[in-house]
Amino acid sequence: MKKVLFILFSFLSFALSVNAQFISGSMEIMLTQKDSDREIRGGSSDISPEDAPQTRGVIPQPVCASLYNKVVTVNFQAVFSAVTVNVINETTGETVYSELFINPASFSIDLSGKDTGDYMIELVSDEITLEGYFPL
C-alpha cells in the first residue's frame with residue numbers, strides 16, 4: 001500500500017510540475033556572448049602564466065531575458081551605462097524593434113502585432129554584446 005501511495009504521489013507531483021510550466025507559458029531566452037567579443041587579445045601564440053586560461057566557478061549572467069505572451073522582458077543583473085536593443089525577424093531579415101536605453105534595469109518589448117517566425121534579440125553595450133534567438 002505504501003508503494004502504491006508513493007507512486008501516486010510521485011505521479012501527482014510530476015503532473016503538477018509539468019502543468020505549472022505549461023500554464024505559465026514563459027520561455028527563457030538564452031543569451032550568449034557574440035563570437036567577436038570572445039577573441040583572444042594580443043594575437044600572440046605564446047602563452048605565459050599571466051595569459052593562461054583561468055578556471056572559474058559559476059559566472060552569473062549579466063542579463064536575463066524571457067518571452068511570455070509575445071512580450072519580451074529583459075532584466076539586467078549588472079549595471080550598463082547604455083545598451084542598444086535590436087529585435088530582428090530572422091525569417092524576413094527585418095528589424096522590428098530598435099532602441100537605446102540609458103542605465104537600464106528592466107524593460108519589456110511588446111511584439112503582439114508582429115508576424116510569427118524566428119526572431120533574434122541583440123543587446124549591444126560598450127562592455128559586451130549578447131544575442132539570443134526565440135520563436136514567436
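Author: Let's begin with a term: two strands pair if DSSP finds at least two bridges between them. Keep in mind that this is a predicted model.

Reader: Okay, so how do I read a pair of strands here? Which residue stands opposite Val124 in E9?

Author: That's Thr129. Val124 belongs to strand E8, residues 118-124, which pairs with E9 in the antiparallel sense over 7 bridges. The two strands form a hairpin, with 4 residues between them.

Reader: And what order do the strands of the open sheet have?

Author: Read across the sheet, the order is E2-E9-E8-E5-E6. There are 5 strands, and the pairing is antiparallel. E2 (32-33) and E6 (95-102) are at the edges with a single partner strand each, so one side of each has no neighbour in the sheet.

Reader: Over how many bridges do E2 and E9 pair?

Author: Over 2 bridges, again in the antiparallel sense. You can find Gln33 opposite Leu130 of E9 there.

Reader: Is E9 largely enclosed or left open by the rest of the structure?

Author: Largely enclosed, because 5 of its 7 residues are buried. For the chain, buried residues make up 27% of the 136 residues. "Buried" here means under 20% relative accessible area.

Reader: Let's zoom out. How many helices and strands does the chain have?

Author: There is 1 helix, and there are 9 strands. Along the sequence the pattern goes α-β-β-β-β-β-β-β-β-β. Now look at contacts between residues at least 6 apart in sequence: 59% of them join residues at least 24 apart.

Reader: Now side chains. How do they point along a strand?

Author: The general idea is that in a regular strand the side chains alternate between the two faces of the sheet. Strand E3, residues 63-68, is a nice case to look at. Val63, Ala65 and Leu67 point to one face and are buried. Cys64, Ser66 and Tyr68 point to the other face and are not buried.

Reader: Which strands pair with E3?

Author: E1 (residues 27-29) pairs with E3 in the antiparallel sense over 3 bridges, and Met27 stands opposite Leu67 there. E4 (residues 71-76) pairs with E3 too, antiparallel over 6 bridges. In that pairing, Val63 has Phe76 as its bridge partner.

Reader: What lies between E3 and E4?

Author: A turn: E3 and E4 form a hairpin with 2 residues between them. In the turn, Asn69 has a positive phi of about 55 degrees.

Reader: Last topic, empty space. How does one find where it is left?

Author: Rolling a probe the size of a water molecule over the atoms shows where empty space is left. In this structure there is 1 cavity of 30 Å³ or more. The largest cavity has a volume of about 40 Å³.

Reader: Which residues line the largest cavity?

Author: Some you've already met: the lining includes Val63, Phe76, Val124 and Leu130. Phe80, Val83, Leu123, Ser125 and Ile128 line it as well. By class, that lining has 8 nonpolar residues, 1 polar residue and no charged ones.

Reader: And on the outside, how much area does the chain expose?

Author: About 10000 Å², with carbon and sulfur atoms supplying 57% of it.

Conventions. Residues are numbered from 1 along each chain as its sequence is written. This is a predicted model: local features need pLDDT of at least 70, side-chain atom pairs count only at pLDDT 80 or more; totals for chains, interfaces and linings use all residues. Side-chain values use heavy atoms; hydrogens and water are left out. Buried means under 20% relative accessible area, exposed over 50%, partly exposed in between (1.4 Å probe, protein chains only). Contact means heavy atoms within 4.5 Å. Accessible areas come from the Shrake-Rupley method with a 1.4 Å probe; for residues, only the protein chains shown count as cover. On a 1 Å grid over the protein atoms alone, a cavity is a set of points where a 1.4 Å probe fits but cannot get out, and a pocket is an open set with protein on both sides within 12 Å along at least five of seven lines; lining residues have an atom within 4 Å of a point. Grid points are joined across faces, edges and corners, and a volume is the space filled by probe spheres set on the points. Ala, Val, Leu, Ile, Met, Phe, Trp, Tyr, Cys and Pro count as nonpolar, Asp, Glu, Lys and Arg as charged, and the others, Gly among them, as polar.
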